[in-house]
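Here is a friendly tour of one protein model, meant to be read with the structure open beside you. Take it at your own pace and turn the view as you go.

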Amino acid sequence: MQTIETYNFEGKKALVRVDFNVPLNDKFEITDDTRMKAAVPTIKKVIAGGGSVILMSHFGRPKGVDEKLSLKHIQKHLEELLGQPVKFAGDSVGDKVKAQAAELKAGEVLLLENLRFYAEEEGKPRGLAADASAEEKKVAKAAVKETQKTFVADLAALGDTYINDAFGTAHRAHASTALIAAYFPNNKMFGYVIEGELKAVDAVMKNPVRPFTAIMGGSKVSSKIDIIMNLLDKVDTLILGGGMTYTFKAALGGKVGSSICEPDKFDLALDIMRIAKEKGVNLVFPDQTLIADDFSNDANVDICDSMEIPDGWKGLDIGPESCAEFEKIIKASKTILWNGPVGVFEMSKFEAGTKTIADAIVTATAAGSFSLIGGGDSVAAINKYNFADKVSYVSTGGGALLEYIEGKDLPGISAIRG
Ligand code: AMP
């Protein structure tokens with residue numbers, strides 16, 4: 001397998017799949033350019049090696065050509081980040097783009113238009129009537145899969161090498177994230193973003209220094225089952241927090257008031273507890289809860305046993321005793337994985353638990369432990385406290401990271417590894 005570090009880019013046009021799916025405000029200003037910044041080292045590496053770069057990305061979820069979701073909105077900022085001009089193609093495929101790519105000289109950068117303006121990128125039919133029959137859906141899907149082949153071939157023809165650096169879409173088998181790799185059997189590689197992500201996740205999931213503690217939070221157990229199950233094979237301690245824990249407490253016969261609770265997951269919750277015991281995993285729950293009489297920062301609050309939440313009250317954060325317990329476990333861990341806040345950290349009244357976890361991870365990291373933070377809201381929490389550079393790795397992956405941790409095969413990764 002080729003690597004970006006050793007590949008000779010001299011005179012080569014590198015097709016680089018990046019994740020430029022950044023948030024914009026209503027004035028089309030970028031409100032968080034983390035993903036764009038992350039792609040810069042890969043782009044610069046190709047240029048420094050004497051190559052040129054053709055950038056491909058999706059942007060939002062357009063249903064067709066949509067000016068509001070054009071990548072032209074990010075062109076100027078990309079030029080600032082790279083410190084050089086960037087040509088904007090105005091389309092992803094077609095004769096004009098072909099000519100622009102052919103004319104590209106060493107050191108130049110060409111940005112293609114939002115790939116998802118074409119249904120072929122995702123390979124999903126568009127414009128189907130809401131009442132379309134199963135047969136109509138099947139025919140439409142087959143049709144787009146057919147035109148997708150031409151789309152992939154046209155994209156691939158633009159470059160000499162293919163670099164996938166979009167970890168955030170690596171769990172999708174799309175044209176630019178996976179299918180295109182087949183055109184570059186000997187010239188495909190990961191960019192630095194994906195290399196970094198895989199190294200960090202593998203450090204945690206494949207060779208963890210022990211003790212290994214995972215902290216899983218978030219609202220519902222139903223969305224975290226696969227991860228929890230996979231983690232039970234790997235971790236020494238699994239701390240569960242957040243809304244999902246009330247399902248476990250209720251399954252054990254506790255009173256959870258009006259906290260988030262999924263009664264149809266009681267059996268599953270009991271199964272998880274049984275399996276953890278069988279595997280010798282220390283499964284830790286917050287035994288103390290910060291309760292509120294309203295889902296609001298102005299609510300009245302109190303602290304109680306997590307099995308005895310009064311009617312009309314809901315658990316919105318872990319209590320101080322649980323904070324202290326979690327802190328102690330985290331500080332004694334050598335490998336730490338964190339996904340999901342342990343309370344409604346968006347409101348200051350219910351953020352203490354999540355802040356305690358973040359603080360403890362920072363302390364453990366400073367003392368030499370390896371910490372990986374991943375999945376939407378825990379990343380938001382780490383950023384809220386400006387701790388991103390005080391932990392070992394903050395994943396940009398979201399869904400892709402979670403699927404990788406679940407042990408699933410990611411099409412964007414296997415297409416390169418072959
Ligand atoms: P998830 O997307 O499942 O990771 O959930 C993240 C969300 O869970 C955040 O927006 C938190 O505010 C929310 N959350 C965490 N703890 C609780 C709780 N005890 N009750 C309700 N929501 C919670």
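Which helices and strand each supply at least two residues of the lining of the largest pocket? They are H1, helix H6 (192–205), helix H12 (376–384), E17 and helix H13 (399–405). Please keep in mind that this is a predicted model.

## The largest pocket and the cavity

The largest pocket holds about 940 Å³ of space. It is lined by 38 residues, and those closest to its centre are Asp19, Arg35, Thr396, Gly397 and Gly398. By residue type, the lining of this pocket divides into twelve nonpolar, 17 polar and nine charged.

The structure also has an enclosed space. Searching the whole structure gives one cavity of 30 Å³ or more, with a volume of about 80 Å³. Its lining is made up of Asp19, Arg35, Ala38, Ala39, Asp165, Ala166, Phe167, Gly168, Val193 and Thr396. Helix H1 (residues 34–48) gives the largest share of that lining, with three residues. Five of the lining residues are nonpolar, two are polar and three are charged.

Some names turn up twice here. Asp19, Arg35 and Thr396 line the cavity, and these residues are also among those closest to the centre of the largest pocket.

## The first sheet

Now turn to the strands. Six of them form an open sheet in the order E3-E4-E2-E1-E5-E6, with parallel pairing. Strand E3 (87–88) and strand E6 (188–190) are at the edges; each has a single partner strand, so one side of each has no neighbour in the sheet.

Three of the pairings can be set side by side, each with one pair of facing residues.

| Strands | Bridges | Facing residues |
|---|---|---|
| E1 (residues 13–17) and E2 (residues 52–56) | five | Arg17 and Met56 |
| E1 and E5 | four | Leu15 and Tyr162 |
| E5 and E6 | three | Tyr162 and Lys188 |

Tyr162 is a good residue to select in your viewer: Leu15 stands opposite it, and Tyr162 in turn stands opposite Lys188 in E6. Within strand E5 (residues 161–164), Thr161 and Ile163 point one way while Tyr162 and Asn164 point the other way, and all of these residues are buried.

Another place to visit is the loop between helix H3 (95–103) and strand E4 (109–111), where Leu104 lies. Is Leu104 buried or exposed? With a relative accessibility of 6%, Leu104 counts as buried, because the cut-off for buried is under 20%. The C-alpha atom of Leu104 is 9.4 Å from that of Lys87, although the two residues are 17 residues apart along the chain.

## The second sheet

Another open sheet of six strands has the order E10-E8-E7-E15-E16-E17, again with parallel pairing. At its edges are strand E10 (282–284) and strand E17 (393–394), each with a single partner strand, so one side of each is left without a neighbour in the sheet. Strand E8 (residues 237–240) runs parallel to E10 and is joined to it by three bridges. In this pairing, Thr237 stands opposite Asn282. Edge strand E17 also links back to the start of this tour, as it supplies at least two residues of the lining of the largest pocket.

## Helix H11

Helix H11 (residues 352–366) lends itself to a quick check. Its 15 residues, at 1.5 Å a residue, should span 21 Å, and the end C-alpha atoms are 21 Å apart, which agrees. Its buried residues are Gly353, Thr354, Thr356, Ile357, Ala358, Ala360, Ile361, Val362, Ala364 and Thr365. Just after H11, Gly368 has a positive phi of about 110°.

## Cysteines

How many disulfides does a search of the whole structure find? The result is zero. For a disulfide, two cysteine sulfur atoms would have to be within 2.5 Å. The cysteine sulfur closest to that of Cys261 belongs to Cys304 and is 14 Å away, so it is too far for a bond. For Cys304, the closest cysteine sulfur is in Cys323, 14 Å away and likewise too far for a bond. Cys261 is partly exposed, with a relative accessible area of 29%, whereas Cys304 counts as buried at 14% relative accessibility.

Terms used. Residues are numbered from 1 along each chain as its sequence is written. This is a predicted model: local features need pLDDT of at least 70, side-chain atom pairs count only at pLDDT 80 or more; totals for chains, interfaces and linings use all residues. Side-chain values use heavy atoms; hydrogens and water are left out. Buried means under 20% relative accessible area, exposed over 50%, partly exposed in between (1.4 Å probe, protein chains only). On a 1 Å grid over the protein atoms alone, a cavity is a set of points where a 1.4 Å probe fits but cannot get out, and a pocket is an open set with protein on both sides within 12 Å along at least five of seven lines; lining residues have an atom within 4 Å of a point. Grid points are joined across faces, edges and corners, and a volume is the space filled by probe spheres set on the points. Ala, Val, Leu, Ile, Met, Phe, Trp, Tyr, Cys and Pro count as nonpolar, Asp, Glu, Lys and Arg as charged, and the others, Gly among them, as polar. Two strands pair if DSSP finds at least two bridges between them. The expected span of a helix is 1.5 Å times one less than its number of residues.
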